[in-house]
Amino acid sequence: MEHAQTIFKRYEIKYLLNREQYRKIRDYMQEYMEPDCYGRTSIYNIYFDTPDYCLIRESLEKPVYKEKLRLRSYGMDKNEGHVFVELKKKYDGIVYKRREEMEFEEAREYLYDGRHPETDSQILREIDWFLKYHKNLEPKMYIAYDRIALADRDGSGLRITFDKNIRWRNFKLDLQEADSGRQIIEDGYYLMEVKTPDSLPLWMTGILDKLELFPVSFSKYGRAYQDMKGLAGHGAVI
């Protein structure tokens, strides 16, 4: 597996597209964007939270600062045994992400059993602090989706991803379990995320204006949590 980026600082802007909007924007982007190193893949995550979901409940109140911890795999093969432990923070509209690449079993022992990896790094120390500060963290939500990832041909750092088939469950919270879950957006819709270290290029703002696309507030974990609460409120078994 190639060495992956571990530190990110960027703006993330989200748009919800129907099938026709998705088709048009992909056509417009062909001149400027190309598949990145992941291209088309499926992404599998386990989100960690307190027993009463304190982290996501606070996040949904839209504070100036919020943070989350997840275990991520690109593909069910665990990237030949590799996954990422990711600490994601958002402050004043800017997203900061730190992630540590590990062997799957090592990451599982670290997050599920509290057994610290033999290696050390600044990112691991940040994750250690997060785990100590937020006591009793445990796996609380499985979220997976199918993604197409594009990068700017000019190497500006602009990335655009399209996620569909976003699904969740709050049981079988292990990446070794088979993929399944309840959908949180309608079939035929895509969540587009524009990720940029700086302002959007003029060609991108032109496309957004032409298609009359506007940003939305959308958290996959937040939507899954709200869906879970809605099901519980109707007496559904989840």
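Me: How much space lies in the second largest pocket?
Reply: About 170 Å³ lies in the second largest pocket of this predicted model.

Me: Nice. What lines the second largest pocket?
Reply: Its lining has 14 residues, and Y110, L111, D113, G114 and L131 lie nearest the centre. Two elements give two or more residues to that lining: helix 4 (104-113) and helix 5 (122-133). Helix 4 provides the largest share, 4 residues.

Me: What makes up the lining of the second largest pocket by class?
Reply: The lining has 6 nonpolar, 4 polar and 4 charged residues. Gly counts as polar.

Me: Why is the pair of F48 and Y112 called edge-to-face?
Reply: A search of the whole structure finds 8 aromatic pairs. In the pair of F48 and Y112, the rings are 5.6 Å apart centre to centre, with 85° between the planes. The centres have to lie within 6.5 Å and the planes over 60 degrees apart, so this pair is edge-to-face.

Me: Which parts does the pair of F48 and Y112 tie together?
Reply: F48 lies in strand 2 (residues 33-49) and Y112 in helix 4, so the pair ties together parts that are 64 residues apart in sequence.

Me: Is F48 buried or exposed, and how do you know?
Reply: F48 has 2% relative accessibility, and buried means under 20%, so F48 counts as buried. Its partner Y112 has a relative accessible area of 22%, between the cut-offs of 20% and 50%, so Y112 is partly exposed.

Me: And what makes the pair of W129 and Y133 stacked?
Reply: Here the rings are 4.9 Å apart centre to centre, with 10° between the planes. Planes under 30 degrees apart count as stacked, so the pair of W129 and Y133 earns that label. Both residues lie in helix 5, 4 residues apart, about one turn of the helix. W129 is exposed at 52%, and Y133 counts as exposed at 53%, because the cut-off for exposed is over 50%.

Me: Which residues do ring pairs link into a cluster?
Reply: Y22, F162 and Y190 are linked that way.

Me: Why is S73 called buried?
Reply: S73 has 1% relative accessibility, and under 20% means buried, so S73 counts as buried. S73 lies in strand 3 (residues 65-74).

Me: What makes the approach of S73 to G75 a polar contact?
Reply: The side chain of S73 reaches the backbone oxygen of G75 at 2.6 Å, and the cut-off is within 3.5 Å.

Me: Last one: how many disulfides does the structure hold?
Reply: The structure holds 0 disulfides. As for two of the cysteines, C37 counts as exposed at 70% relative accessibility, while C54 is partly exposed at 23%.

Conventions
Residues are numbered from 1 along each chain as its sequence is written. This is a predicted model: local features need pLDDT of at least 70, side-chain atom pairs count only at pLDDT 80 or more; totals for chains, interfaces and linings use all residues. Side-chain values use heavy atoms; hydrogens and water are left out. Buried means under 20% relative accessible area, exposed over 50%, partly exposed in between (1.4 Å probe, protein chains only). A polar contact is a pair of N or O atoms within 3.5 Å; within protein, one must be able to donate a hydrogen and the other to accept it, and residues adjacent in sequence count only if both atoms are side-chain atoms. A disulfide is a pair of cysteine sulfur atoms within 2.5 Å. On a 1 Å grid over the protein atoms alone, a cavity is a set of points where a 1.4 Å probe fits but cannot get out, and a pocket is an open set with protein on both sides within 12 Å along at least five of seven lines; lining residues have an atom within 4 Å of a point. Grid points are joined across faces, edges and corners, and a volume is the space filled by probe spheres set on the points. Rings of Phe, Tyr and Trp (its six-membered ring) pair if their centres lie within 6.5 Å; planes under 30 degrees apart count as stacked, over 60 as edge-to-face and the rest as tilted.
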